[in-house]
Amino acid sequence: MVFSSVIFLFRFFPFFFLLYYLVPKRMKNLILFFGSLFFYAWGEPVYVLLMLFSTVVDYTHGRLLERFRGRGVTKGILLSSVIINLFILCFFKYADFLVQTLNSLTGLSLPLLNLPLPIGISFYTFQTMSYTIDVYRGQAKVQRNLLDFGVFVTMFPQLIAGPIVKYRDVEERLHRRTVTVIGISAGLQRFCIGMAKKVLLANNMGELWTLVSAKDFGELGMLTAWLGIVAFAFQIYFDFSGYSDMAIGMGQMLGFHFPENFNYPYISASVTEFWRRWHISLGSWFREYVYIPLGGNRKGLPRQLFNILVVWVLTGIWHGAGWNFLLWGLWFAVALMLEKLFLGKVLAWLPRIVGILYTLCIALGGWVLFALETPSAILMYFKAMAGGAGGVLDETFLYLGRQNVILLLIGLAAATPLPRMAAERLGSSRTGAGIALRRFGEKMIPAALLLLSIAGIVEASYNPFLYFRF
C-alpha cells in the first residue's frame with residue numbers, strides 16, 4: 001500500500017486518522033500500532049511476524065541492558081542485539097546474491113532461496129539497532145512499555161522508506177504528544193506537496209528515463225544519454241524526497257516531528273556537501289554509528305580516508321544486493337577521499353557554480369551505476385554519455401526534448417530553493433495584497449496539487465516508489 005494509491009488515499013488514510021483523532025489520548029498508541037501493522041500487512045502479511053520479532057528482540061535487549069548496566073556483560077548483550085539484527089537483514093537481503101556469487105566463482109550449482117525482500121527491512125532494522133546502541137551508551141532511556149516501543153518500530157508514515165528516526169528523537173512524544181489543528185493543517189500541506197513531487201514530477205521523469213533506458217545503448221546519442229540520466233536523477237530525488245515529505249507531514253498530523261531528509265542536494269558545490277543534503281537521516285546514522293566509532297577524523301588523514309571507504313562500502317551494499325551498488329558506494333568514496341586530500345580546497349577557491357557543475361557530474365555518474373545493474377550496460381551508457389556510441393545528436397533527443405522541456409524546467413526549478421524563497425518573501429510582505437495572496441496560496445496551492453495528483457494517480461499506470469526495494 002503506497003501513499004500515492006487510491007486505496008491509501010480514500011480508504012486507509014481517512015479511516016485511520018478519523019479513528020486516531022476520535023479516541024482518547026491513552027488509546028492513540030494502540031490505534032497507531034495496529035493501524036501500522038495493518039498498513040504493513042497489506043503488502044507483506046507474512047513479514048509482519050519478522051518485524052514483530054525484531055521489535056521484541058530489541059525491546060528485550062534494551063531491558064537487559066538496563067538490568068545489567070555497569071557490568072561487563074552489557075557489551076555481550078549489545079553485541080547479541082547487533083548480530084541478530086544484521087543476520088536477519090543480511091539473510092533476507094543478501095543470501096541469494098552471495099549464493100549466486102559463490103556459484104559463479106566456484107562453478108557450483110547451489111540452489112537459490114528465492115526469498116522476497118521484506119519491504120522496509122533496511123530502514124526499520126537501522127532504527128531498532130540505534131535504540132539498543134543508544135541505551136548502551138546511556139544516550140536514551142530504556143522503554144519499559146512494549147506497546148510504545150512497538151509504535152516506534154512500526155509507525156507507518158516512515159516505516160517503509162524513512163526518514164530513519166532514532167529512538168531518542170521521538171522518545172518524549174511516544175508518551176506525551178499533542179495533536180493540534182495547526183499541526184494537522186501544516187502536516188496536510190506538507191503531505192500534498194510531497195504527493196505532487198511524487199506523482200506529478202517523479203512519475204513523469206521516470207517514464208522519460210524508461211523510454212531512454214529501453215534504447216540500445218550502443219546506438220544512443222550523447223545528448224539522449226545525458227537527458228536520460230538527468231531524468232533519472234530528478235525521478236529518484238522527487239520520488240524519495242516526496243515520500244519523505246509525505247512521511248514528515250503525516251508525522252505532524254500524528255503529533256510527531258520527524259527529521260528532515262533532503263535539503264536541495266542538487267545545488268551542492270561539492271560531493272561532501274551533496275551527502276550532507278541527500279538522505280540526511282541515513283548519512284547521520286552511518287556517521288554516528290560507524291564513522292565516529294571507527295575514529296572519524298580524529299586519528300589522522302590515512303585513518304580518516306579508511307573510515308570513509310568503510311562507510312561508503314557499507315552505504316553502497318545497504319542500498320541493495322548487487323555489484324552496481326558496491327561500485328556506486330566506491331564511486332562516492334573515491335570522490336569524498338579526493339576532496340579530503342586536496343580537491344575540497346580547490347573547489348572552495350573556485351566560483352561556486354564550478355563546484356555545482358562538478359558535483360552534478362559526479363552525482364549523475366553515480367546514478368548511472370545506481371540505475372543499471374550489469375557492468376556491460378554501465379560501460380555502454382558511460383560510452384554513450386561520452387559521445388562514443390551514437391554520436392552527439394540523434395532524433396530521439398530532439399523528440400523527447402521537445403516533448404518534455406516543460407517538465408524538465410519545472411523539475412529544475414523545484415529542485416532548487418527558489419520556490420521556497422519566493423513563498424517566504426511573499427510571507428514577509430506586509431501589504432494588503434501580499435497578505436491576501438499568501439493566505440490564498442497557503443490554502444489553495446496544496447489543494448490544487450492534491451487534486452492534480454489524484455487525477456494523475458487515477459490515470460497513470462506507472463507509479464513505483466524506488467526506495468521500497470531497499
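I started with the charges on this predicted model. The protein chain carries 40 positive and 24 negative charges, and I got 11 Å between the mean positions of the two sets.

Next I looked at the surface. About 22000 Å² of the protein chain is exposed, and carbon and sulfur atoms supply 68% of that area. On the inside, buried residues come to 52% of the 470 in the chain.

Then secondary structure. I found 19 helices and 0 strands in the protein chain.

Overall dimensions came after that. The C-alpha trace spans about 70 × 65 × 50 Å along its principal axes. I also checked the radius of gyration: a compact globule of 470 residues would sit near 23 Å, and the protein chain has 23 Å, so the two agree.

How much of the contact set links residues 24 or more positions apart? I took the contacts in the protein chain with a separation of 6 or more, and such pairs account for 77% of them.

Last entry: one residue, Leu379. I placed Leu379 in helix 16, which runs over residues 375-385. Is Leu379 buried or exposed? Its relative accessible area is 61%, and the cut-off for exposed is over 50%, so Leu379 counts as exposed. I also looked up its distance to Phe217: the two are 162 residues apart in sequence, yet their C-alpha atoms lie 9.4 Å apart in space.

Terms used. Residues numbered from 1 in each chain as written. Predicted model: local features only at pLDDT ≥ 70, side-chain atom pairs only at ≥ 80, totals over all residues. Heavy atoms only, no water. Helix = DSSP H or I, 4+ residues; strand = E, 2+ residues; numbered from the N terminus. Rg over C-alpha atoms; globule rule 2.2 N^0.38 Å. Buried < 20%, exposed > 50% of the residue type's maximum accessible area, 1.4 Å probe, protein only. Contact = heavy atoms within 4.5 Å. Areas by Shrake-Rupley, 256 points an atom, 1.4 Å probe, with all protein chains shown as cover. Lys, Arg positive; Asp, Glu negative; His and termini not counted. Charge placed at Lys NZ, Arg CZ, Asp CG, Glu CD.
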